Amino acid sequence: MTKLIETKNLTFRYYTENKEEIIALDSINFTLNKGEHIAIIGENGAGKSTFLQAIRGEIFPSPKSGGTIVWNETSQNDTENFSDSPLVARDICAIISPKEQNYYARQNWKVNCLEIVLAAANNDYILYREPSTEEVLQAVAIAKELDAEYLLYTPINQLSQGQLRIMLIARALMKKSPVILLDEPLNGLDKKTQDLFWQTLERLATSQSPDRPTIILTTHYFPLPPYIKRCYEMKKGKLFDITNNTANSFIEFTETISDFSNEKQENTAIQGMEIKLENASIYIDHKEIIKHISWHIKPQEHWTLMGHNGSGKSTLLKGILGLLPIAHGGSILRNWYPNIHENTAQPLTLLSDIKEKIHFVSDALQALYPYDDIVEDVLFCGFDGDIGVHRERKDNEEKIIDELLYQLKLTDLRHRLFHSLSTGQARKVLLARAMIGDPALLLLDEPFSGLDPRNKQEIKEFLEYKIHKNSIQTILVSHIENDFLGSSQKFATLFRGEFQELI
């Protein structure tokens with residue numbers, strides 16, 4: 001077999017804010033052979049994404065005893081000519097990753113998706129030259145295969161997170177690289193798009209063409225595709241070959257976060273939130289995303305809102321939170337009841353009051369989080385619904401932060417910089433941030449995206465516990481049918497900006 005990539009004792013270290021050494025990759029010996037498709041599984045924070053970054057030449061082995069990594073720059077010709085240049089790595093490897101998605105989300109470029117896909121042919125982020133007719137036809141064909149042709153002339157700053165992920169998949173396929181690195185590629189995609197992606201990937205992986213790519217896939221989804229030849233598990237930066245033992249892999253677990261069900265609940269002052277939308281429309285860049293919605297959320301109701309990528313779900317939540325205005329002719333009412341038994345409403349009209357009582361977590365918030373604060377400061381900001389530290393902590397707040405870090409098993413991360421976390425770790429931190437303080441309503445936009453099965457189960461249990469104990473209402477948005485909370489009472493769908501309650 002022709003070797004494409006080889007690592008010997010690959011080690012990568014970095015340091016936290018308080019100078020603690022973190023070994024993200026620990027003496028990894030690994031060989032990727034042409035046509036030998038590989039899956040890597042592992043819990044959030046195990047080092048999977050870091051390993052793919054190293055393979056693509058985005059990070060380098062530690063200077064002292066960091067080992068080596070080399071790439072075959074003549075891999076397309078079935079010959080071996082190895083180089084340690086990261087430029088070769090970026091030439092032979094295409095990647096789909098949360099890091100790449102976050103980069104595009106932060107740029108706010110107004111270029112259309114077709115240009116972004118075409119730019120991949122030259123390994124660029126945006127298009128710097130006139131494409132050939134053949135390249136344009138190839139880009140259109142790839143988008144069509146993903147049922148995303150309709151997005152090609154949409155500016156990328158108008159895409160939902162799921163739609164942006166689809167375009168990044170198209171970019172990776174457009175590059176025609178010998179190696180495709182897929183870092184949790186299904187996160188943020190609805191079921192229909194997931195199926196189309198798997199079909200496209202299987203066609204590439206099983207092609208008889210000598211130019212077919214070799215795939216490295218990190219995933220929490222099982223079963224693995226049949227064309228995967230080897231399976232590895234990443235544990236605390238170490239890589240283990242479990243090809244013949246996947247049935248006993250980390251996905252099997254029975255532990256729960258805690259036995260909350262035995263705790264006595266004494267909640268005599270039950271709070272509640274009332275949201276009433278009347279003929280509400282929301283526009284982004286003069287385009288109507290939410291179309292004349294009327295929706296009444298009564299105190300103590302729990303809703304699950306479902307819809308495909310780009311249907312407007314995240315936009316609607318931003319309207320409820322007050323980050324996007326309701327267009328003229330529509331209205332929104334937000335009432336908070338400190339005790340619904342007394343039926344005395346406190347209208348929420350100031351954005352500061354809304355952010356204090358309505359907390360929010362989403363893919364977009366994670367991608368666009370602007371400050372690289374340490375984890376305990378990210379949680380602290382949740383008390384006021386702010387981003388960034390703007391005041392001193394109170395003594396009781398310090399205690400609440402300590403307790404929440406312990407309950408969600410985040411104590412070891414408290415001094416880590418937010419942007420150094422894995423996708424799943426960052427999602428847990430933002431969920432903790434949303435639950436801190438005294439929110440009356442949680443807006444949960446794809447809250448379990450990026451979480452491995454164990455963390456997903458723990459977060460679900462903890463959310464249910466907090467919801468019951470503190471009388472917190474929820475509106476949960478998902479495109480995955482089984483990703484709702486047991487407390488959900490009401491269900492609705494959003495399709496192309498139009499709302500419909502499910503009876």
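**Close-ups of a predicted model**

**View 1. I180 pairs with I215 of strand 8.** In this predicted model, I180 has I215 in strand 8 as its bridge partner. Zoom out a little and you'll find strand 7 (residues 179-183) running parallel to strand 8 (residues 214-218), with five bridges joining the two.

**View 2. Six strands line up in an open sheet with mixed pairing.** Reading across, the strand order is 6-7-8-3-9-10. Strand 6 (93-96) and strand 10 (238-241) sit at the edges with a single partner strand each, so one side of each has no neighbour in the sheet. From one strand to the next, the twist averages 20 degrees.

**View 3. Helix 6 lies across strand 6 and strand 7.** Helix 6 runs at about 170 degrees to strand 6.

**View 4. Helix 5 packs against helix 6.** Here helix 5 (residues 133-145) meets helix 6 (residues 161-175) at an angle of about 135 degrees, and their axes are 10 Å apart. The two helices are therefore oblique to each other. Helix 5 makes a right-handed crossing as it passes helix 6. On the helix 5 side, look for E135, Q138, A139 and I142; helix 6 brings A170, L173 and M174. Sorted by class, that contact has five nonpolar residues, one polar and one charged.

**View 5. Helix 13 packs with helix 14.** The angle between helix 13 (residues 423-435) and helix 14 (residues 453-470) is about 0 degrees, with 12 Å between their axes. That makes the pair roughly parallel. K428, L431 and M435 of helix 13 touch N455, E458, I459, F462, L463 and K466 of helix 14. This contact splits into five nonpolar, one polar and three charged residues.

Technical notes. Residues numbered from 1 in each chain as written. Predicted model: local features only at pLDDT ≥ 70, side-chain atom pairs only at ≥ 80, totals over all residues. Heavy atoms only, no water. Axes fitted to C-alpha atoms, helices over the stretch in contact; angles between N-to-C directions. Helix = DSSP H or I, 4+ residues; strand = E, 2+ residues; numbered from the N terminus. Parallel < 35°, antiparallel > 145°, perpendicular 65-115°, else oblique. Left-handed = near helix turned anticlockwise from the far one by under 90°. Contact = heavy atoms within 4.5 Å. Nonpolar A, V, L, I, M, F, W, Y, C, P; charged D, E, K, R; others polar. Pairing = 2+ DSSP bridges.
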